[in-house]
Structures are given as structure tokens and as C-alpha cells.
Amino acid sequence: MMLGQHGEELAVKFLREKGYKIKIRNYKTRIGEIDIIAGDGDTLVFIEVKTRESLEYGHPFEAVNACKRKKIANVAMLYLKRFEELPPCRFDIVSIYINNGIPECELIKDAFEV
């Protein structure tokens, strides 16, 4: 299994343990993808998962730069067009550092605004 896929599997388990209800994984559009769309209470959450085995280039969440955030927001808007009434929404990041085979998961709620 590739690192990204492994990270997403770990993230789904981690999020479920925190009470998130996973709705969609790997939501793809012509402009990009959102790793996980989930419910947290009555809030719809768009979640980016970043996984690293080294901190040489910084923590995993640091890879969600302004360009990536904009792309995630645009994909989220396409997803939201299907709703007649918009639910409360937010953007979270699950940052996973696999340290000597042991995953360290960090949830960053409301990681950025649109």
C-alpha cells in the first residue's frame, strides 16, 4: 500500500474514534480531490490528509499551502452546489507522521477559512 493510501486508512480510523461519520472518501472532480468528507455533529467537514515518514521538509500539515487550500475550497464548493440549504462547514487537516513505523496522528480542526 502506498504511503498516501496508508495515511488515509489511518485517518479514517482516527476520525471514527473521534466520532466523525465518514460520508465520502476521495471525492474527485475535474479540478481536484478532497480526501475525506465527513460529518462532525451537524457540521460538514472537508478533510485533507497528509502523511510523512520524515520531518525533513517540515510537519505533514505544512504541505497544505495556500494553493492547496484554494483547490480544496473550490472542490468543496462544487460538492456544496448539490445542497438547497448549506450546512455549517469547516476544513480540517489530519497530519500523520509515521515515526519508526508508529503513526502519530494530529487533528487540526478548522485549519483554514475560505
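Rings of Phe, Tyr and Trp are taken as a pair if their centres lie within 6.5 Å, the six-membered ring being the one used for Trp. In this predicted model, that rule gives a count of five aromatic pairs, and Tyr27, Phe46, Tyr79, Phe83, Phe91 and Phe112 form one aromatic cluster. The briefing below turns from the aromatic residues to strands β2 to β5, and then to the charged side chains, among which the structure holds eight salt bridges.

**Strand β3 and its partners**

- Strand β3 spans residues 43–52 and is mostly covered, since nine of its 10 residues are buried.
- With strand β2 (residues 33–40), strand β3 pairs in the antiparallel sense, and five bridges join the two.
- The strands β2 and β3 form a hairpin with two residues between them, and Gly41 in the turn has a positive phi of about 65 degrees.
- Beside this turn, Asp40 stands opposite Thr43 of β3, and Asp40 itself is found in strand β2.
- With strand β4 (residues 89–99), strand β3 pairs in the parallel sense over nine bridges; the facing residues include Val49 opposite Val94 of β4 and Thr51 opposite Ile96 of β4.
- Strand β3, helix α2 (residues 66–80) and strand β4 together make a right-handed β-α-β unit.

**Strand β4 and the hairpin with β5**

- Nine of the 11 residues of β4 are buried, so this strand is largely enclosed by the rest of the structure.
- Strand β4 also pairs with strand β5 (residues 102–112), here in the antiparallel sense and over eight bridges.
- One of the facing pairs joins Tyr97 to Glu104, its bridge partner in β5.
- The hairpin of β4 and β5 has two residues between the strands, and Asn100 in this hairpin takes a positive phi near 55 degrees.

**Glu48, a buried acidic residue in β3**

- Glu48 is found in strand β3, and its relative accessible area is 4%, which is under the 20% limit, so the residue counts as buried.
- Leaving out residues up to four places away in sequence, Glu48 touches Asp35, Val64, Lys68, Ile72, Asp92, Ile93 and Val94, and the list therefore includes charged side chains as well as Val and Ile residues.- Glu48 forms a salt bridge with Lys68, in which the closest N and O atoms are 3.7 Å apart. Because Glu48 lies in strand β3 and Lys68 in helix α2, the pair ties together parts that are 20 residues apart in sequence.
- Lys68, the partner in helix α2, is partly exposed, with a relative accessible area of 25%.
- A polar contact of 3.4 Å also joins the side chain of Glu48 to that of Lys50.

**Asp40 and a network of salt bridges**

- Asp40, Arg90, Asp92 and Lys109 are linked in a network of salt bridges.
- Within this network, the side chains of Asp92 and Arg90 meet at 2.8 Å, N to O, and both Asp92 and Arg90 are buried.
- Asp40 has a relative accessibility of 18%, and because the limit for a buried residue is under 20%, Asp40 counts as buried.
- Apart from its neighbours within four places in sequence, Asp40 is in contact with Tyr20, Val45, Arg90 and Lys109.

**A salt bridge within helix α1**

- The side chains of Glu17 and Lys13 meet in a salt bridge, with a distance of 3.2 Å from N to O.
- Glu17 and Lys13 are separated by about one helical turn, because the two are four residues apart in helix α1 (residues 3–17).
- Both Glu17 and Lys13 are exposed, whereas Asp92 and Arg90, which meet in another of the salt bridges, are buried.

Conventions. Residues are numbered from 1 along each chain as its sequence is written. This is a predicted model: local features need pLDDT of at least 70, side-chain atom pairs count only at pLDDT 80 or more; totals for chains, interfaces and linings use all residues. Side-chain values use heavy atoms; hydrogens and water are left out. Buried means under 20% relative accessible area, exposed over 50%, partly exposed in between (1.4 Å probe, protein chains only). Two strands pair if DSSP finds at least two bridges between them. A crossover is right-handed if, with the strands pointing away from the viewer, the path from the first strand over the helix to the second runs clockwise. A polar contact is a pair of N or O atoms within 3.5 Å; within protein, one must be able to donate a hydrogen and the other to accept it, and residues adjacent in sequence count only if both atoms are side-chain atoms. Contact means heavy atoms within 4.5 Å. A salt bridge is a side-chain nitrogen of Lys or Arg within 4 Å of a carboxyl oxygen of Asp or Glu. Rings of Phe, Tyr and Trp (its six-membered ring) pair if their centres lie within 6.5 Å; planes under 30 degrees apart count as stacked, over 60 as edge-to-face and the rest as tilted.
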